[in-house]
Amino acid sequence: MSSVLDAVVVGAGPNGLAAAISLARAGRSVRVLEAAPTPGGGARSAELTLPGFVHDVCSAIHPLAAASPFFRQLPLDAHGLEWVHPSAPLAHPLENGTAAVLERGLEATAQGLGPDADTYVKWMRPMVRAFDDVMAQLGDPLRVPRRPLRLARFGLRALRPARSLAENAFQGPLARALFAGSAAHSFSALERPFTSAFGILLMASGHAVGWPFPRGGTQKLVDALVSYLRALGGEVVTDHRVHNVDELPRSRAVLLDVTPAQLVKLAGHKLPPRYVEKLRRFRYGPGVFKVDWALSSPIPWRAQACARAGTVHLGGTLEEISASETAISRGEAPEYPYVLLAQHTLFDDSRAPSGQHTGWAYCHVPNGSTEDMTERIEAQVERFAPGFRARILARHTRSPAQYEAYNPNFIGGDISGGSLEGMQLFARPLARLVPYATPDRRLYLCSSSTPPGPGVHGLCGFLAARALLASEVWRKG
């Protein structure tokens, strides 16, 4: 490798690694620098509670990774990645002991939705048919759509606030709650425009590809990406914190898997003041408070169907989930939070000692919240699984401040790389023809603060690298 690298990537999260792999596949020399002892960013695993219990530190369930048009190109199975598919992607219990279950099949899902059975199939079938087209468009936003009418139908529904769409489309509490829990992945009040997009995309993904996770922990996905990058000749250097881009090895280009706040810290002196000022106005979204449990046995769900699902949304009805997310938009920590829970060890016994289990859960809170949500999260689990607390062997909690200390990209506990409301859902970090490029032609941003936004899909890094490869950097390097 020559003394001048083609590119240096700062940050070994999924997007940084995707950018590096894209460049290495194009024959470019690339080195990834990671501040932490292990690569991964928001996709790491660790023994957080007791020896032998493997917990995912941040992201845990990966429908968008399984559906990613970039990851699907890569031979990750040859580098140790094995997807685990739970019996059902998702369950959403109600207090009366019933539960809506998102099955892989449309009709199987509909059977449990009472008066909304026929409506669900008719309503969701075109969304599932459009799913691959949507993912292809996210992976190549400038392409001419192959099926524009499918995308248009998807897009018209996605524009709507999730609450009004759920109330208009469905009659019963189960279908409404199932959609509300999925739409609440938007980190926004469900009365806001575009929140339906999250519910539609995630529910369609459950039917199209499932909601799988890597056997052995999310770290295994990152390990496979690193292994493949090294097979291509790329480098990954850990325990290497970058304080200023001037410290970096000589290279033709630099890609930064960071949010706008870190971009200003690392490279603000190389950028025009007006651009820097706009970056400072970039808005960050709600934070998260997370609890991991080591459990003596499985969670004792009142609705037994929940034991078939890898993911369980807790929060009750559409109205309750809406109230929880609205409270956060007012800057209040909800008394009865919407909780996202994963139960990996029902389907992957490599993550805990024989006969024992893990639990993974978080709730949304206002950015920078100092509220300890442990009791409120556990109360929501106990509400739908009486006897849960008696099975806890140990717990590990992480507040918004602790998340930011763990990963400086998680500003105020925001794991999404910035607010997903308004135009910032699309124009990330700023409205520019090439959002990944900065005014310095050698500096590119490749984090979830760029399109298409958060999720473990690698598309932000892939698209940033593609933009770089098409730029003048190589001709003028």
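In this predicted model, P452 sits in the loop that runs between strand 16 and helix 15 (459-469). The bond leading into P452 stands out: P451 and P452 are joined by a cis peptide bond, with omega at about 5 degrees. Another cis bond turns up between R428 and P429, this one with omega near -10 degrees. P429 belongs to the loop between helix 14 (400-406) and strand 16 (443-445). Strand 16 thus borders both loops, following the one with P429 and preceding the one with P452.

Cysteines come next. The structure has 0 disulfides. C446, for one, is in no disulfide, and the nearest cysteine sulfur, that of C460, lies 8.4 Å away. Seen from the other side, the sulfur of C460 has C446 as its closest cysteine partner, but at 8.4 Å the two are too far apart for a bond. Both residues are tucked out of reach of the probe: C446 counts as buried because its relative accessibility is 0%, and C460 is buried as well, with a relative accessible area of 0%.

Moving to the nonpolar interior, the largest core is made up of 61 residues, and Y120, W123, M124, F154, F179 and L190 are the ones with the most contacts inside it. Helix 4 (residues 117-139) supplies the largest share of this core, with 10 residues. F154 gives a feel for the packing: leaving aside residues up to four places away in sequence, F154 touches M127, A130, V134, I200 and L201. There is also a second, separate core of 42 residues, with A65, A224, L255 and A437 among its members.

Helix packing can be followed in one pair. Helix 1 (residues 14-25) packs with helix 9 (residues 219-231) at an angle of about 25 degrees, and the two axes are 10 Å apart. That angle makes the two helices roughly parallel, and their crossing is left-handed. On the helix 1 side, the contacts involve P14, L17, A20, I21, A24 and R25, which meet V222, L225, V226, Y228 and L229 of helix 9.

Finally, a couple of backbone oddities. F194 is not a glycine, yet its phi is positive, at about 75 degrees; F194 lies in the loop between helix 7 (173-183) and helix 8 (195-208). D239, also a residue other than glycine, has a positive phi near 55 degrees. D239 is part of the loop between strand 9 (235-237) and strand 10 (251-256), and with a relative accessible area of 56% it is exposed.

Methods
Residues numbered from 1 in each chain as written. Predicted model: local features only at pLDDT ≥ 70, side-chain atom pairs only at ≥ 80, totals over all residues. Heavy atoms only, no water. Core = buried A, V, L, I, M, F, W, Y, C linked by side-chain atoms within 4.5 Å. Buried < 20%, exposed > 50% of the residue type's maximum accessible area, 1.4 Å probe, protein only. Helix = DSSP H or I, 4+ residues; strand = E, 2+ residues; numbered from the N terminus. Contact = heavy atoms within 4.5 Å. Disulfide = S-S within 2.5 Å. Axes fitted to C-alpha atoms, helices over the stretch in contact; angles between N-to-C directions. Parallel < 35°, antiparallel > 145°, perpendicular 65-115°, else oblique. Left-handed = near helix turned anticlockwise from the far one by under 90°.
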